[in-house]
Amino acid sequence: MEIVYVYTKKRSEFGRQCNFSDRPAELHVDILPDPSLAANFIDRDPCDVPIQCTQEMSEHEVNTERIEYETCGINHVEGGWPKDINPQEMEQTIRFRKKVEKDENYVNTIMQLGSHMEHCIRQNNAIDIYQEYFEEEEVVEETEEQPSAKTINVFRDPNEVKRTATSLSWHPDGSRKLAVAYSSLEFQKVTKDMSYDSYIWDIENPNKPEMTLKPVSPLVCLEYNSKDSHILVGGSYNGQIAYWDTRKGSQPVEMSTIEHSHRDPVYKVIWLQSKTGTDFFSASTDGQVLWWDIRKMSEPTERLVLDPTKEGKLENALGAISLEFETTMPTKFMVGTEQGLVVSCNRKAKTPAEKIVCTYSGHHGPIYALQRNPFFPKNFLTVADWTARIWSEDIRESSIMWTKYHTASLSDGCWSPVRPSVFFTVKMDGALDVWDFLFKQNDPTLSLKVCDEALYSIRVQDNGRFLACGSQLGTTTLLEISSGLCTLQKNEKALAAMMFERETKREKILEARHREMRLKERSRSEQSKEDEAKEGEGEESSEELVARIEKEFYEMIETEMKNRGKDEKKDKELDKEKGVCEEKES
């Protein structure tokens, strides 16, 4: 059914009807122009002005071109000499100076400038323009800043086929440069058009690498020399070691020979603390730790096989994937293995078997990161499987502290160089976790999603403020963390030392308790074995039991037969005696 609305209105309410007629124009009023009135008016231009309630907007499109910056240097030399005088010639410069000093104009100029200079020096001595007044009275309000981090720059792999940023190394002087090693660690994923190059980036210019390193095989690890910032050493995917001098170009200065190199990818290289500053050592999953000198790269200076049986057999060796060397302990070093063990070694031991001191077990997978605490070298951090663990050298059975098990596996981690209680971990889900065990033990102080792909490497700058994270697709993200996470807190060293000591004592007590329980269990098992042996000695088999019973039965029958024979003899003798007696009586 349709609903119809009807609107009605009376004719009288419409108003007067309009009657139009066609007639010529009529002039009712004629006002003549008066020029005197023009002075009271202002000309309006434009006459028509549109007005809108909203703000006027306009849209413009600009197609900008990408600009690449290049760093150029300027060499300043001594100038101001006349063209006929060579500043390098000492005799010419001395002769010219003497000639100028004898000139009257020179003497007058010096005398005039001397008075001005004397006035400025006296003024400087009277008033210190840099002096800060009321410095002691200024009270700095300490505000509790929330832990945070912000992205400063992103450095992307310039090649079309992206590779993993497997290793990062900060420039030792000023940390204005970052060396990044790129390689593909996925099995049989290397394509023909994949680049082998690694790069050195200026952290302020993400558009173009400052320098390209061209190895013969993709670099898995890369490390700056702390004594000579122009020297870098890198470990390749094919097991070779190479070193570069940035002053000599992109090609390696020297490489190790294939026959004397590692047989697997070199996962870690570390420079040693030596007088020459040319020694380093490397670790690989082939189970070897090799020592090198860049002055002689033809063969390693020393070799260690990580055989836990201490027989030195390469087939029994544990694959090394991380290394740790502390300069304050020049003879000690530690190796993290694929099997989840940390091997503590002593380089100065007399025999290869004695070089492997002990092992620490507690992880289920490869140990990707291994580092001693910069403030407490006896405590070290390991990152593997789904947890990060803090260990004490004195306790081998268990770690003293550990993080919760994460849903995503951990790929790298390191300590903060400025705060003893802070360490960083990166995960395969692209997240960065910042841990402060004085503030929280169960959860990270700051968790940050850096990128969508997996993070593989992390390295913190020496000042602790900047850190770089390398991802699976070759993206290196430079982050700046808040001042609270990179500034040493009040009494932090003492508190961290107390916590390490307390946790170590606790683990020692638990270890002693476990040892006692194991001894009790062992003694119980030995006692039970002895009892079983005794019971076994007392118990006879069924055949022996039947034979023994038969023997006893026959012995009883024989004794019974003998007893019966004796009784019959006695009866016969008695009968005879009775017969004799009867005959006598008759």
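Good morning. I begin with G174, which counts as exposed because its relative accessibility is 55%, above the 50% that the term requires. The model I am presenting is a predicted one. G174 sits in the loop that links β2, residues 164-170, with β3, residues 177-183. For a sense of distance, take V342, which is 168 residues away from G174 along the chain; the C-alpha atoms of the two are separated by 33 Å.

I turn next to K355. This residue belongs to helix α3, which covers residues 352-355. Is K355 buried or exposed? Its relative accessibility is 11%, and therefore K355 counts as buried, the limit for that term being under 20%. Which side chain does the side chain of K355 meet in a polar contact? The partner is the side chain of E302, at 2.7 Å. E302 also appears among the residues that K355 touches once those up to four places away in sequence are set aside; the others are L304, S344, C345, N346, R347 and A349.

My third subject is strand β11, residues 279-284. Five of its six residues are buried, so the strand is largely enclosed by the rest of the structure. On one side of the pairing scheme is β10, residues 266-271, which runs antiparallel to β11 and is joined to it by five bridges. Within that pair, S282 of β11 stands opposite V269. β11 is also joined by five bridges to β12, residues 288-293, and these two strands likewise run antiparallel. Here F280 has W292 of β12 as its bridge partner. What do β11 and β12 form together? They make a hairpin with three residues between the strands, and G287, in the turn, has a positive phi of about 90 degrees.

Finally, I come to the largest nonpolar core, which has 20 residues. Which of them touch the most other members? They are F424, L432, I458, L467, C469 and I481. Five strands each give two or more residues to this core: β23 (422-427), β24 (431-436), β26 (455-460), β27 (466-471) and β28 (476-481). L467 may serve as an example of the surroundings. Apart from neighbours within four places in sequence, L467 is in contact with F424, L432, I458 and I481, and also with W170, R459, V460, T477, L478 and L479.

To close, I would recall two residues: G174, exposed at 55% relative accessibility, and K355, buried at 11%. Thank you for your attention.

Note on methods. Residues are numbered from 1 along each chain as its sequence is written. This is a predicted model: local features need pLDDT of at least 70, side-chain atom pairs count only at pLDDT 80 or more; totals for chains, interfaces and linings use all residues. Side-chain values use heavy atoms; hydrogens and water are left out. A nonpolar core is a set of buried Ala, Val, Leu, Ile, Met, Phe, Trp, Tyr and Cys residues joined through side-chain atoms within 4.5 Å. Buried means under 20% relative accessible area, exposed over 50%, partly exposed in between (1.4 Å probe, protein chains only). Helices (H or I, at least four residues) and strands (E, at least two) are DSSP runs, numbered from the N terminus. Contact means heavy atoms within 4.5 Å. A polar contact is a pair of N or O atoms within 3.5 Å; within protein, one must be able to donate a hydrogen and the other to accept it, and residues adjacent in sequence count only if both atoms are side-chain atoms. Two strands pair if DSSP finds at least two bridges between them.
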